[in-house]
Amino acid sequence: EISKNLPVYLIDYESSSSADTAKTVFENNLKKYYNSPHFFIDSYGYFMKRGEEKFAADILKKHLPLIDKNAVYLKALGYYAEANKDTKKATDIYEQVFILRPNYAQSYRDLAESYRDIGKYKKAAAMYARYNYLIGEGFMERDTSGIGKILETDSKNLLALEGEKVFKGNASDFKKIDFEYYEDTRLVFEWNDSEAEFELQFVNPEKHYHTWKHTSVANASRIMDEKLKGYSSEEFLIDGSLAGKWQVNVNYKGNKKLEPTYLKVTTYFNYGLNSQRKEVMVYRLSLKDVNQKLFDLINSGSSSTN
């Protein structure tokens with residue numbers, strides 16, 4: 001049912017027997033979808049996933065002007081760049097989003113974490129410090145439960161693990177930072193369109209489930225807060241007290257437009273430890289009102305997508 005709801009070009013990509021065949025599909029659809037941002041976003045994501053980085057880069061080089069003034073589309077591109085470990089391209093994209101949205105809290109978090117990915121730890125710390133300064137001066141809304149909580153967690157994690165690279169000092173000093181949790185598996189969900197509505201369902205190994213509703217009916221105050229402060233993300237923790245396989249599902253409700261929403265999921269394993277690592281996955285959401293599986297998560301430190 002999901003595949004039937006996809007654009008024809010994506011169906012043809014997925015059924016292509018070779019990269020050359022997929023490239024032919026792109027060329028054959030270029031004229032028809034020339035003014036469609038999603039055609040280029042989807043094509044970039046597909047060819048990056050297939051390992052055709054040069055072809056994907058050429059797509060951006062030729063067609064980026066179609067979307068480079070639209071933060072919603074740029075964020076989707078950034079997600080795909082991250083998922084395929086093109087961290088330099090992701091940073092370039094998030095810098096452009098920051099220029100377009102300098103008053104969005106999400107812009108600070110995305111750019112800070114992107115700087116961290118390319119080893120620019122001082123610039124990452126500076127972004128968090130700048131955000132805190134603007135909060136303190138009253139130029140941005142203070143937040144302790146939504147994006148503010150995520151920014152605080154990420155900045156503490158940066159200093160705990162990379163503090164000696166940010167400031168001069170003994171590395172052990174930064175390990176003493178009051179960090180709320182260690183060793184847990186942390187999931188951060190981000191979506192490119194602030195109008196997106198959906199429900200996330202977490203099914204534990206005992207088949208009990210928890211649903212987080214991001215809809216105007218069930219969580220209107222949260223959505224209002226997101227628009228006021230400029231963010232579109234949420235974090236969840238899965239601790240080690242219930243070992244085994246977890247399943248994460250989504251029920252997409254739409255975004256007030258006839259366009260897909262791109263959902264990025266970052267899974268942090270061994271969070272807060274020196275062995276911390278992360279995996280990034282991107283999902284194109286378009287099929288509405290169907291509970292669909294996103295991925296399985298084995299709490300021992302590995303995940304698999306479906």
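Visitor: Where in this predicted model is the place of Asp289?
Guide: Two strands bracket Asp289. Strand S7 covers 277-285, and strand S8 covers 291-298. Asp289 sits in the loop between strand S7 and strand S8.

Visitor: Does Asp289 count as buried or exposed?
Guide: Exposed requires over 50% relative accessible area. Asp289 has 53% relative accessibility, so Asp289 counts as exposed.

Visitor: What is phi of Asp289?
Guide: Most residues other than glycine have a negative phi. Asp289 is a residue other than glycine with a positive value. Its phi is near 60°.

Visitor: Which loop holds Lys256, and what is its phi?
Guide: Strand S5 (245-254) and strand S6 (261-269) flank the loop of Lys256. Lys256 is not glycine, yet its phi is positive. The loop is the one between S5 and S6, and phi is near 70°.

Visitor: Is Lys256 buried or exposed?
Guide: The cut-off for exposed is over 50%. Lys256 reaches 67% relative accessibility, so Lys256 counts as exposed.

Visitor: How many helices and strands does the chain have, and how does its radius of gyration compare with the globule rule?
Guide: The secondary structure comes to eleven helices and nine strands. For 306 residues the globule rule gives 19 Å, and the radius of gyration of the chain is close to that, so the chain is as compact as a globular protein of that length. The C-alpha trace spans about 60 × 45 × 35 Å along its principal axes. The radius of gyration is 20 Å.

Visitor: What share of the contacts joins residues at least 24 apart?
Guide: The count takes contacts between residues at least 6 apart in sequence. Of these, the share joining residues at least 24 apart is 66%.

Visitor: What percentage of the residues count as buried, and what area does the chain expose?
Guide: Of the 306 residues, 53% count as buried. Carbon and sulfur atoms supply 50% of the exposed area. That area is about 14,800 Å².

Visitor: How far apart are the mean positions of the positive and negative charges?
Guide: The chain has 44 positive and 44 negative charges. Their mean positions are apart by 3 Å.

Visitor: How many aromatic pairs are there, and what geometry do Tyr9 and Tyr33 form?
Guide: The count comes to 25 aromatic pairs. Tyr9 and Tyr33 are 4.9 Å apart centre to centre, with 70° between the planes. Tyr9 is in helix H1 (residues 8-14), and Tyr33 is in the loop between helix H2 (19-30) and helix H3 (37-49), 24 residues apart. Both are buried, and the geometry is edge-to-face.

Visitor: Why does the pair of Phe202 and Phe236 count as tilted?
Guide: The ring centres of Phe202 and Phe236 are 4.7 Å apart. Phe202 belongs to strand S2 (residues 197-203) and Phe236 to strand S4 (residues 233-238). Both residues are buried. The pair is tilted because the planes are at 45°.

Visitor: Which residues do ring pairs link into a cluster?
Guide: Tyr9 and Tyr33 are both members. The full cluster is Tyr9, Tyr13, Phe26, Tyr33, Tyr34, Phe39, Phe40, Tyr46, Phe47 and Phe55.

Visitor: Does Ile41 count as buried or exposed, and which residues does Ile41 touch?
Guide: Ile41 lies in helix H3. At 0% relative accessibility, Ile41 counts as buried. Its C-alpha is 9.4 Å from that of Leu64, 23 residues apart in sequence. Not counting residues up to four places away in sequence, Ile41 touches Ile67, Tyr73, Ala76, Leu77, Tyr80 and Tyr262.

Terms used: Residues are numbered from 1 along each chain as its sequence is written. This is a predicted model: local features need pLDDT of at least 70, side-chain atom pairs count only at pLDDT 80 or more; totals for chains, interfaces and linings use all residues. Side-chain values use heavy atoms; hydrogens and water are left out. Helices (H or I, at least four residues) and strands (E, at least two) are DSSP runs, numbered from the N terminus. The radius of gyration is taken over C-alpha atoms; the globule rule is 2.2 Å times the number of residues to the power 0.38. Buried means under 20% relative accessible area, exposed over 50%, partly exposed in between (1.4 Å probe, protein chains only). Contact means heavy atoms within 4.5 Å. Accessible areas come from the Shrake-Rupley method with a 1.4 Å probe; for residues, only the protein chains shown count as cover. Lys and Arg count as positive and Asp and Glu as negative; His and the chain ends are not counted. The place of a charge is taken as NZ of Lys, CZ of Arg, CG of Asp or CD of Glu. Rings of Phe, Tyr and Trp (its six-membered ring) pair if their centres lie within 6.5 Å; planes under 30 degrees apart count as stacked, over 60 as edge-to-face and the rest as tilted.
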